[in-house]
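Student: I have a structure open and I'd like to learn how to read it. Could we go through a few features together?

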Amino acid sequence: MSEIKKVDYIYVVDSNGTPLMPTSRLGMVRRWLKTGQARWYGNSRHTIQFVRSVTTNTQELTLGVNPFHLGLSVIGNQREYYAAESLRKSEKDRITSRRELRRTRRNRLRYRKARFNNRRHKDGWLAPSIQYRLDFTIKEIKRLYKFLPITNLVIEVTPFDNQKLANPNIQGWQYQKGKMYGFKTIKDYLLARDNYRDALDGKQYPASQLRVHHLVQRKDGGSNQPDNLVLLSDINHNQANHNNGILARLKENRQKTIDYRGAYFMSVLATKLSNYFEHYTTTQGYLTANLRQKYEIEKSHLNDAFVIAGGTDTTLRTNNVYLRQKLRNNNRVLQKFYDAKYIDSRDDKKKTGKELSSGRTRRSRELNYTNLRQFRKEKVKKGRVSIRRGHYQLRPHDVVLNTRTNRIETVKGVQNSGTVIKFQTGKTCSIKSVVSLYHVNGILEKKMENI
């Protein structure tokens, strides 16, 4: 059965870089590498390239894609040759950080000319978070064409009607009259909905003292939909309530809303696919679910891609299952701030200055903030600012060979101005005693075990 027997493969390309069929003859691969007939292909350690000329007979392979969570599976001749799940973190914090750094740089330009005509979006513009997800998805799909002779592409993608997800019985004229119909801003809608009341204490405040608060933060997948927003007064919307979890508990009692992110991305992908691929086939989620139930296959992103590619209960599964995670190539912040630590007089525990802050959020006028600075006892650690001045070749998660112990190690970091390497095991070694084997280069790839 396919659940019991699984096969390991090494991927093969010829001397011109044309993909060939993968091979499971691992002993033969070792002999090809040892005798110089083949070499490792690029930065990979699961793909070889022949140096000599070889025959290029290939079979038809089908790539199945589960796009939103990005599960990938390649199947041909009743065999699965490749499977992967690619992950990416939210871009919200990084985009916010980039915007703050850009504003700081511009504020230093004393005589910078005023510019008003450089904010127009080009045709086909997408929000940066959606554009990033689209680019990452297309890049991960095209990457497989470099070492696998894929002939068919099947993608589970369907454009969605977001209004119908919320109201299945919506009429044509109702598309123009949503929840916020008749309100100029979302805050005006919230003021009318909540009757100028604070979501924490229930008291009424003037509109100038109320702030819009996201129950689920944007970086955690929260949206700007009204169901995810409440009003908080300046007194309650402070750093102390963020740190102690009072504001986080607000979302526990809220009504669960529909997550439109997947539906919106599917709609965008459906319209953009023809710009990247000439020939492809689309399928829908309910067809995938029916086939998965028919073959009694468990629900997962990898299994969805397996079924999309044409896998059945008799298809031979592979051990080449990878988890790929997008990492940053560079850190834009050269200055790091380490907060001071104090003893909290209430429980005698160490806490940062941010946790024991004054709680003030506005300098224009004094309000009745919750001042926690009074609980600072004695300072046990001074705060400091560190400036990163060096850029090193080896980065975290890189794989190196320690020539002293003849062992393969994973890099955790670089110390002593780049002269010492620290491994994941906690041991250190001089940089002169290591040889780089694999550079992460923006993607951390690990082989998944016990799948």
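**Reading helix α7 and beyond**

Tutor: Sure, and keep in mind that this is a predicted model. Start with helix α7: at 1.5 Å a residue, the twelve residues of α7 (residues 261-272) should span 16 Å, and the end C-alpha atoms are 16 Å apart, so the two agree.

Student: Which residues of α7 are buried?

Tutor: Buried means under 20% relative accessible area. In α7 that goes for G262, A263, F265, M266, S267, V268, L269 and K272.

Student: And what covers the buried residues of α7?

Tutor: For cover, look at which elements are in contact with them. The list includes helix α3 (128-144), strand β8 (150-156) and helix α4 (162-166).

Student: Let's turn to pockets. What volume does the largest pocket have?

Tutor: About 1500 Å³. Its lining is made up of 50 residues, and R324, Y438, V440, N441 and I443 are the ones nearest the centre.

Student: Which element gives the most to that lining?

Tutor: That's α3, with nine residues. You met α3 already, as part of what covers the buried residues of α7. Elements that supply at least two lining residues each include α2 (92-107), β13 (321-326), β20 (407-415), β23 (434-438) and β24 (443-447).

Student: How do the lining residues divide into nonpolar, polar and charged?

Tutor: There are 17 nonpolar, 14 polar and 19 charged residues in the lining of the largest pocket.

Student: Now the rings. How many aromatic pairs does the count come to?

Tutor: Two rings pair if their centres lie within 6.5 Å. By that rule you get nine aromatic pairs. One of them is Y11 with Y82, at 5.9 Å centre to centre and with 65 degrees between the planes, which makes it edge-to-face.

Student: Why does the Y11 and Y82 pair tie together parts that are apart in sequence?

Tutor: Because Y11 lies in strand β2 (residues 11-13) and Y82 in strand β7 (residues 79-87), the pair links parts that are 71 residues apart in sequence. Both Y11 and Y82 are buried. They also belong to one aromatic cluster together with F147 and Y322.

Student: One last residue: is L26 buried, exposed or partly exposed, and why?

Tutor: Here you go by relative accessibility. L26 has 33%, so it counts as partly exposed. You'll find L26 in helix α1 (residues 26-35). Leaving aside neighbours within four places in sequence, L26 is in contact with D8 and I10. The C-alpha atoms of L26 and P128, by comparison, are separated by 43 Å, and these two residues are 102 residues apart along the chain.

Key. Residues are numbered from 1 along each chain as its sequence is written. This is a predicted model: local features need pLDDT of at least 70, side-chain atom pairs count only at pLDDT 80 or more; totals for chains, interfaces and linings use all residues. Side-chain values use heavy atoms; hydrogens and water are left out. Helices (H or I, at least four residues) and strands (E, at least two) are DSSP runs, numbered from the N terminus. The expected span of a helix is 1.5 Å times one less than its number of residues. Buried means under 20% relative accessible area, exposed over 50%, partly exposed in between (1.4 Å probe, protein chains only). Contact means heavy atoms within 4.5 Å. On a 1 Å grid over the protein atoms alone, a cavity is a set of points where a 1.4 Å probe fits but cannot get out, and a pocket is an open set with protein on both sides within 12 Å along at least five of seven lines; lining residues have an atom within 4 Å of a point. Grid points are joined across faces, edges and corners, and a volume is the space filled by probe spheres set on the points. Ala, Val, Leu, Ile, Met, Phe, Trp, Tyr, Cys and Pro count as nonpolar, Asp, Glu, Lys and Arg as charged, and the others, Gly among them, as polar. Rings of Phe, Tyr and Trp (its six-membered ring) pair if their centres lie within 6.5 Å; planes under 30 degrees apart count as stacked, over 60 as edge-to-face and the rest as tilted.
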